[in-house]
Amino acid sequence: MSLPHRLECRGLAKRFGPVDAVTDLSFDVEPGRVTGFLGPNGSGKTTTLRMLLGLVRPDAGTALIGGRAYRDLAEPARTVGAALEDTGFHPARTGRDHLRVYAAMIGCPDDRVEAVLELTGIADAAHRRTDGYSTGMRRRLNLATALLGDPPVLVLDEPTNGLDPEGIAWLRRLLRGLAAESRTVLVASHVLSEAERLVDDVLVMHHGKLVAAGTLAAITGGDTLEHAFLQRIGALA
């Protein structure tokens, strides 16, 4: 694994027709910490992540990973592990075969496949076809795919969706452990109670704009994250 990477967004903007999805967005995500990227549905979180990962071209501004745009990274899959959705699995492939195909694409050995299967707790199901996987198992396989290149940066969109309480506790321990290895971990989530137990830093989006950024302690001020979040987006009377 290479040296830690900071994520830097400066003046990001994206418009879809008449809709300003993201407006003049600037923030940093530091290595060695878990950062929660929070906001209501339609707040611009996913568009921001897609700009960061080179999937959407911004109308203005920059999104950098270790000082470089995603498209300029020499080995993107070994730099950034991204899990935005869990729909990219061939239904006739087993979990292990899915990972082997992806590993071959990015130049990872088969023993790395076995390592991430164990790490994500799906080794016992690796021989099964992915069309028989539960939502939680698909989430774990998606995370295993993101971890194949042993990347210093993780970008995850709603990673707890479909996980049971045991799975959520497992994911919390995993992400905290990865951050402790000086990796940069950015997690978009709408589950505020879980985010409060996971994150070190908080970014709050609303109507395409950043309305709060800081440490969890600074954002909450001794209150709950839910209350602080609702105050920031103007949802409290």
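**Questions about the pockets, sheets and helices of a predicted model**

Me: Which elements each supply at least two residues of the lining of the largest pocket?
Reply: They are β5 (80–83), α3 (95–106) and α5 (135–147). With five residues, α3 gives the most to this lining. The model is a predicted one.

Me: How much space lies in the largest pocket, and which residues are the closest to its centre?
Reply: The space in the largest pocket comes to about 640 Å³. It is lined by 26 residues, and those closest to the centre are Ala-82, Ala-83, Tyr-102, Asn-142 and Thr-145.

Me: What makes a space a cavity or a pocket?
Reply: The way out decides: in a cavity a 1.4 Å probe fits but cannot get out, whereas a pocket is an open set. Two cavities of 30 Å³ or more are found in the structure, and the largest cavity holds about 90 Å³ of space.

Me: What lines the largest cavity?
Reply: Among its lining residues are Ala-83, Arg-139, Asn-142, Leu-156 and Trp-170. At least two lining residues come from each of α5, β6 (153–157) and α6 (165–180). With four residues, α5 has the largest share.

Me: Why is Asp-131 called partly exposed?
Reply: The relative accessible area of Asp-131 is 43%. Buried means under 20% and exposed means over 50%, with partly exposed in between. The value of 43% lies in between, so Asp-131 is partly exposed. Asp-131 sits in the loop between α4 (110–119) and α5. From Asp-131 to Ala-195 the separation is 64 residues in sequence and 30 Å in space, C-alpha to C-alpha.

Me: Why is Asp-24 called exposed?
Reply: Its relative accessible area is 60%. The cut-off for exposed is over 50%, so Asp-24 meets it. Asp-24 belongs to strand β2.

Me: What makes the phi of Asp-24 worth stating?
Reply: Most residues other than glycine have a negative phi. In Asp-24, which is a residue other than glycine, phi is positive, near 45 degrees. Ser-182 is not a glycine either, and has a positive phi of about 70 degrees. This serine lies in the loop between α6 and β7 (184–189). Its relative accessibility is 35%, which falls between 20% and 50%, so Ser-182 counts as partly exposed.

Me: How do you know that β2 and β4 are edge strands?
Reply: The three strands form an open, antiparallel sheet in the order β2-β1-β4. The edge strands β2 (19–29) and β4 (60–65) each pair on one side only. From one strand to the next, the twist averages 20 degrees.

Me: How do you know that β1 and β2 pair?
Reply: Two strands pair if at least two bridges are found between them. Strand β1 (residues 7–16) and β2 have seven bridges, in the antiparallel sense, so the condition is met. Cys-9 stands opposite Phe-27 of β2. Helix α1 (residues 45–52) lies across β1, β2 and β4, and runs at about 120 degrees to β1.

Me: Why do β5 and β9 stand at the edges?
Reply: Six strands form an open sheet of mixed pairing, in the order β5-β6-β7-β3-β8-β9. Each of β5 and β9 (209–215) has a single partner strand, so one side of each has no neighbour in the sheet. The twist here averages 15 degrees from one strand to the next. Helix α1 packs on this sheet, where it touches β3, β6, β7 and β8, and its direction makes about 150 degrees with that of β7.

Me: How many bridges join β8 to β9?
Reply: Six bridges join these antiparallel strands. In one pair, Leu-203 has Ala-213 of β9 as its bridge partner.

Me: Which residues of helix α9 are buried, and why are they on the same side?
Reply: In α9 (residues 225–232), Leu-225, Ala-228 and Phe-229 are buried. Their arc around the axis is only 100 degrees, and therefore they lie on the same side of α9. The buried residues of α9 pack against β3 (34–38), α7 (192–198), β8 (201–206) and α8 (216–220). The helix α9 lies across β3, β8 and β9, at about 35 degrees to β8. Just after α9 comes Gly-234, with a positive phi of about 70 degrees.

How values were computed: Residues are numbered from 1 along each chain as its sequence is written. This is a predicted model: local features need pLDDT of at least 70, side-chain atom pairs count only at pLDDT 80 or more; totals for chains, interfaces and linings use all residues. Side-chain values use heavy atoms; hydrogens and water are left out. Axes are lines fitted to C-alpha atoms, for helices over the stretch in contact, and angles run from 0 to 180 degrees between N-to-C directions. Contact means heavy atoms within 4.5 Å. Buried means under 20% relative accessible area, exposed over 50%, partly exposed in between (1.4 Å probe, protein chains only). The arc is that of the directions from the helix axis to the C-beta atoms. On a 1 Å grid over the protein atoms alone, a cavity is a set of points where a 1.4 Å probe fits but cannot get out, and a pocket is an open set with protein on both sides within 12 Å along at least five of seven lines; lining residues have an atom within 4 Å of a point. Grid points are joined across faces, edges and corners, and a volume is the space filled by probe spheres set on the points.
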